[in-house]
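Colleague: I am new to this model. Please take one part and look at it closely, then set it in its surroundings.

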Amino acid sequence: MINEKIIFAGFGGQGVMLMGQLITYAGMFEDKEVSWLPSYGPEMRGGTANCNVIVSDQAVASPVISYNATTAVIMNLPSLDKFEAEVIPGGILMINSSLIEKKSSRDDVRVYYLPVNEVANELGNARVANMVMLGAYLELTKIVEPKSVIKALAKIFGTAKEHLIPLNEEALKRGAALVK
Amino acid sequence: MAKVLMKGNEAIGAAAIKAGCKHFFGYPITPQNEVPEYMSKELPKVGGVFVQAESEVAAINMVYGAAGSGVRVMTSSSSPGIALKQEGISYIAGAELPAVIVNIVRGGPGLGSIQPAQSDYNQSTRGGGDGDYKLLVYAPANVQEMVDLLQEAFDKADYYRNPVMVVGDGMIGQMMEPVEFKERPHVDLPAKDWAAVGTKGLRKPNVINSLFLQPEDLEEHNIRLTAKYQKMKDNEQRYEAYNMENAEIICVAYGTTARIVKNAIETLKEEGINVGLIRPITLWPFPEKAFEVLPETAKAFISVEMSMGQMIDDVKIVSNGRLPVDFYGRSGGMIPTPEGIIGKIREMIGGAK
């Protein structure tokens, strides 16, 4: 049974809302039940933008994740402080070690420190750091197929940004390689 | 048709256009701004009209005027904006015109906050405007239900010649869920022979009006309106009953709060505690029918709301002394947690079980 509850959190501009939307779309393409709930308003001020994503094979009851996240994807330091406690014991904490030097205080979750900005820079585009992280996430959880994520990306990008798909595909692969 | 992923507010716009809404008048306010944004972009493509009015008061009066000409028209706003529209809503009800009003509720009173709330229950169901009038009020719990009910709202508004309100909260407005625009059954609706569309000199003019200076006339008008509201009470009550068999405690919750209650119910079920849920889908008429037959195991009701307790009065009315009615709520933009609800229910049952 799948009942994945993911928090994606980081600075505005790091593409955390997009990461959440891609997983949500991909889940929908695979006929799973999904919801995407963004933070908005004053919550967004002061360093963190975040969204709650649920992918389940049963109808989503509450779209709110409240100390029951199965995975938290943390892209910046304020988000680590704010969200590391939200992950259930045995859950996954993915930390962008390119920007966060601090270690997690949790010893009851699986913690992965991933230098996603460095990998993105190696690919020649710092903006795909979120996709590197997403690739690692997909490899760890297998919640949806990477090809569904690419399909979702094609939908969001439209024809104007179609040429960026191969770069994003590569970023997903490099992310997956980080945790293989 | 295939499912698409849509933000609640955008889905409201798409559903309205699907239902034949060609006219939208509004004034911006968070957290519903994606509704006017969507309408401003999409309505011109279908030959419709979008106007950003100079105020909420102006917007609702534009709705009044458009409705008087018989077209399908909608406005949307959020709590304090809906408060400003109340005068116009009363006029539209008094003049017996169809219109759809969306309220994406935020914390109050006053300007309050921009986070989700359900503290406009009384404003929606008791009438924030003057006089003996009622609105048909829908409260969807997910984006799909929002899309379905919003389209139906236009039919019901036309059928009853009455404004229909659709109430969501900031959460349902901002979240994305898959939706499907299903083929809808054809509804036979009466011709709009009352609309003020010009006589071409062939008939007496139709008059759109809510002023009756003769008390006898106004009383007669009110008696007729009340008969219409009674018909809505008889025919339009809607609800979902969930896990009611052997329920010890029955939660009453609507909209997104009902979804959080469901999580609490599932957790308590694992502990062997049976809790049911009655989810009003129509806030007015309140679904009295759901309360007619209760499980013999039921010991109490609890109204769970994102407010300080407004629907609790209706639960007490329908309980009619049969069972005690308790309350759990968060307000001001705080969202109830399953843990909070579970804690309250455990307390009601008597300690940890």
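Modeller: I begin with one helix of chain B, then move outwards to the domains, the contact between the chains, and chain A.

First, the ground rules. The model is predicted, so local features need pLDDT of at least 70 and side-chain atom pairs count only at pLDDT 80 or more, while totals for chains, interfaces and linings use all residues. Residues are numbered from 1 along each chain as its sequence is written, and chains are lettered from A and ligands numbered from 1 in the order in which they are written.

The helix is α3 of chain B, residues 56-68. Helices here are DSSP runs of H or I with at least four residues; strands are runs of E with at least two; both are numbered from the N terminus. What span should α3(B) have? At 1.5 Å a residue, its 13 residues should span 18 Å, and the end C-alpha atoms are 18 Å apart, so the two agree. The expected span is 1.5 Å times one less than the number of residues.

Which residues of α3(B) are buried? They are Glu56(B), Ala59(B), Ile60(B), Met62(B), Val63(B), Tyr64(B), Ala66(B), Ala67(B) and Gly68(B). Buried means 20 or more other C-beta atoms within 10 Å of the residue's own; exposed means 12 or fewer; partly exposed lies in between; C-beta atoms are placed from the backbone. The cover over these buried residues includes the strands β2 (23-26), β3 (49-52), β4 (73-77) and β5 (99-105) of chain B, along with helix α4 (79-94). Just after α3(B) comes Gly70(B), with a positive phi of about 90 degrees.

Now the domains. Chain B is assigned domain 1 (4-235) and domain 2 (240-349). Such bounds come from an automatic or database domain assignment. The C-alpha centres of the two domains are 28 Å apart. In the contact between them, 25 residues of domain 1 of chain B meet 22 residues of domain 2 of chain B. Two residues are in contact if their C-beta atoms, placed from the backbone, lie within 7 Å. On the domain 1 side, α5(B) gives the most, with 4 residues. By class, that side has 13 nonpolar, 9 polar and 3 charged residues. Nonpolar covers Ala, Val, Leu, Ile, Met, Phe, Trp, Tyr, Cys and Pro; charged covers Asp, Glu, Lys and Arg; the others, Gly among them, are polar.

Next, the chains. Chain A brings 16 residues to the contact and chain B brings 19. On the chain A side, α1 (16-29) and β2 (33-38) each supply at least two residues. β2(A) gives the most, with 5. That side has 10 nonpolar, 6 polar and no charged residues.

Last, chain A. Its secondary structure comes to 6 helices and 6 strands, in the order β-α-β-β-β-α-β-β-α-α-α-α. Of its 180 residues, 48% count as buried. A compact globule of 180 residues would have a radius of gyration near 16 Å, and chain A agrees with 15 Å. That radius is taken over C-alpha atoms, and the globule rule is 2.2 Å times the number of residues to the power 0.38.

One residue of chain A to find: Leu99(A), in the loop between β5 (87-96) and β6 (110-114). Leu99(A) counts as partly exposed because it has 19 C-beta neighbours inside 10 Å. Beyond its neighbours within four places in sequence, Leu99(A) is in contact with Asn76(A), Leu77(A) and Asn117(A).
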